[in-house]
Amino acid sequence: ALAVHPGDHPFNQALAVLHCHFKLYGLCSSMLVQAIESTDPRLAELLRFLHGTWAGFMLDDVPAAASQMTQQLQAAERARAEAERKAAVLEDRLSDTLRAGQKLEIELEQIREELNAVRGDLEDERSRGDPRFHSARREDEGHSRSPSPGRSVPRASSYASIHGYAERRSTRSVGPPLHTERRAAMRSSSEVRESRGEDRPPMSSRTAVGAPLTARLGTLRGLREQIGEIYASKLKYDERCLASKIPRETMEQHMYTYLWRKHGLKHIVVENASSILQGVQKYSSVDNDVLVFGKILRHEVDEEFRFVQQQLKDTARELLRVLLRGRYPHKPETALQGMLDKRLNGTIDDLEAQEVVRYMYNDSDADAILDGLAPEFLPAERQWQGRGEELTHADGRRRVDYGRFLHFLLEFQLQGHERFLLPFLEEFRRLDEDRDGVIDRDGVQELIQGIRPELDQAGVRETADMIDPNGLSRATLSTCVAILCEN
């Protein structure tokens, strides 16, 4: 007989009741057979056969099937209990994660408040006239739009025409064309650093052990090193923002974030931030990388433009290599590299300069650049090197210092980029009332309508989703430029 225990599965209970019913049916069947056996033996035998068949099914097959079913039900119950246990563990872990996330949000908010306090102190110092905090904005007209002494101003041209050389000379290619700057700007930080060559800022490990940061920032080399570290930190931070779907910082905001994480003390952050700003003001007129960094801080150009400038340096260097290889086809690679290094650290002649410029730019821009470079070329008898050491060249060609040549190209590129961005910046600044380089979702849509009036509402929303894909209602100038200008 099947036994029923309290707490058994309803299936087992129903099966036990069915078994009891069958036993009662068997008792009744036996009494019926006995009653009719005397009057109709054949009918009694048929009933006895049917009862035996049913008895074999109910007493043998049903209990075996019930046993298997019971085992399966027990296994299912154990699996359910294990799943509930794991769900409880996961729920506990989720609760711990949420609590840790809330704690991190609180700490992050505290850090932001401290950073805002640091920025406030800097603004107070500026307002009190501290000479360390002179606004770097004053240098703009003098450094980027006025020519150097003795140098003519390049003729104005559209930003598109600066890169038109690639379309005209598509059959010749040394490195990627400048008009693909947006895509080339997405290179990793390691590729950028490897491509810098001698222009690469020295790493912090090369500085004197224990040397104060503010002392290193007093030199151009120290400032370039610090700018490189901020750039590298910003690239990594942007990757984390993209993966975590959190708002991207501007370069100005990240500079304070970087200094705060590196030093952790308010007075050190203030001191080093002031040294960086002072260095930017001091060296912007002589170093284009510093000038571009200052303009990025002030939201005057987009962050990715620094990759365009680096690409220009790489392209000019590679073009010189190709020119030397064509001029000296039988020279070994080591000798050719020595000749290239000598030019990169010294002077190039007027033919080399013209070849580089006319390959990289269209005719009108190339003429403007060469006209502006003309005062920089010195006749052979008037060339000097370093500290009064005279240069002599058997070819008698006019020559120009390669550093000045490259600086002029970088300035020309920057001026063209600024002209290209001018309508965009005017519209952006109209929407960016607090001048922090960030606008909200409504501002993004209004910016799109102002820059791309041909788009309908669906197109505006689609473009806004590209700029603000996570619905954070926060977009930096650089993000807007990267999306709108590429499209």
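His 299 sits in the loop between helix 12 and helix 13 (305-327). In this predicted model, the phi angle of His 299 is near 60°. That is a positive value in a residue other than glycine. The residue counts as buried because its relative accessibility is 10%, and the cut-off for buried is under 20%.

Ser 473 also has a positive phi, about 55°, although it is not a glycine. Its place is the loop between helix 19 (457-467) and strand 6 (475-476). At 35% relative accessibility, Ser 473 counts as partly exposed.

**Overall make-up**

The chain has 487 residues, and 42% of them are buried. Its secondary structure comes to 20 helices and six strands. Among contacts between residues at least 6 apart in sequence, 68% join residues at least 24 apart. The accessible surface is about 27100 Å². Carbon and sulfur atoms account for 54% of that surface.

**Confidence**

The mean pLDDT of the chain is 76. A value of 70 or more is reached by 70% of the residues. Confidence is highest in helix 12 (residues 288-297), at a mean of 95. It is lowest in helix 5 (residues 165-168), at 33. Over residues 132-212 the pLDDT is below 50. That stretch nevertheless has 162 contacts in the model beyond near neighbours in sequence. Residues 382-394 also stay under 50. For these, the model has 16 contacts beyond four places in sequence.

**Nonpolar cores**

In soluble globular proteins, nonpolar side chains tend to be buried together. Here the largest nonpolar core holds 44 residues. Which of its members touch the most others? They are Met 255, Ile 276, Phe 293, Phe 424, Leu 447, Ile 467 and Cys 480. Apart from this core lies another, of 30 residues. Among its members are Leu 344, Ile 348, Val 356 and Val 357.

Met 255 gives a view of the packing in the largest core. Leaving out residues up to four places away in sequence, Met 255 touches Ile 230, Ile 276, Leu 277, Phe 293 and Leu 297. Two of these partners, Ile 276 and Phe 293, are themselves on the list of members with the most contacts inside the core.

Thr 479 lies in helix 20 (residues 477-486). It is buried, with a relative accessible area of 16%. Beyond four places in sequence, Thr 479 touches Arg 248 and Ile 467. Ile 467 belongs to the largest core, whereas Arg 248 is part of a salt-bridge network.

**Salt bridges**

The whole structure has 30 salt bridges. Three of them are set out here.

| Pair | N to O distance | Burial |
|---|---|---|
| Lys 234 and Asp 238 | 3.0 Å | both buried |
| Arg 298 and Glu 300 | 3.0 Å | both buried |
| Arg 327 and Asp 349 | 3.5 Å | Arg 327 partly exposed, Asp 349 buried |

Lys 234 and Asp 238 both lie in helix 9 (residues 220-244). They are four residues apart, about one turn of the helix. The pair also belongs to a wider network, in which salt bridges link Lys 234, Asp 238, Arg 248, Glu 303 and Glu 304.

The side chains of Arg 327 and Asp 349 meet at 3.5 Å. This pair links distant parts of the chain, with Arg 327 in helix 13 and Asp 349 in strand 1 (residues 347-349). The two are 22 residues apart. Buried or partly exposed: how does each partner count? Arg 327 is partly exposed, because its relative accessibility is 37%. Asp 349 is buried, because its relative accessible area is 2%.

**A nonpolar patch on the surface**

Nonpolar side chains also appear on the outside. Tyr 25, Leu 43, Leu 46, Phe 49, Leu 50 and Trp 54 make a nonpolar surface patch of about 620 Å². Which element gives the most to the patch? Helix 2 (residues 41-127) does, with five residues. Leu 50 is placed in helix 2. With a relative accessible area of 39%, Leu 50 is partly exposed.

Methods:
Residues numbered from 1 in each chain as written. Predicted model: local features only at pLDDT ≥ 70, side-chain atom pairs only at ≥ 80, totals over all residues. Heavy atoms only, no water. Buried < 20%, exposed > 50% of the residue type's maximum accessible area, 1.4 Å probe, protein only. Contact = heavy atoms within 4.5 Å. Patch = residues over 30% accessible without salt bridge, like charges linked within 9 Å, V, L, I, M, F, W, Y side chains within 5 Å. Areas by Shrake-Rupley, 256 points an atom, 1.4 Å probe, with all protein chains shown as cover. Salt bridge = Lys/Arg side-chain N within 4 Å of Asp/Glu carboxyl O. pLDDT = per-residue confidence, 0-100. Core = buried A, V, L, I, M, F, W, Y, C linked by side-chain atoms within 4.5 Å.
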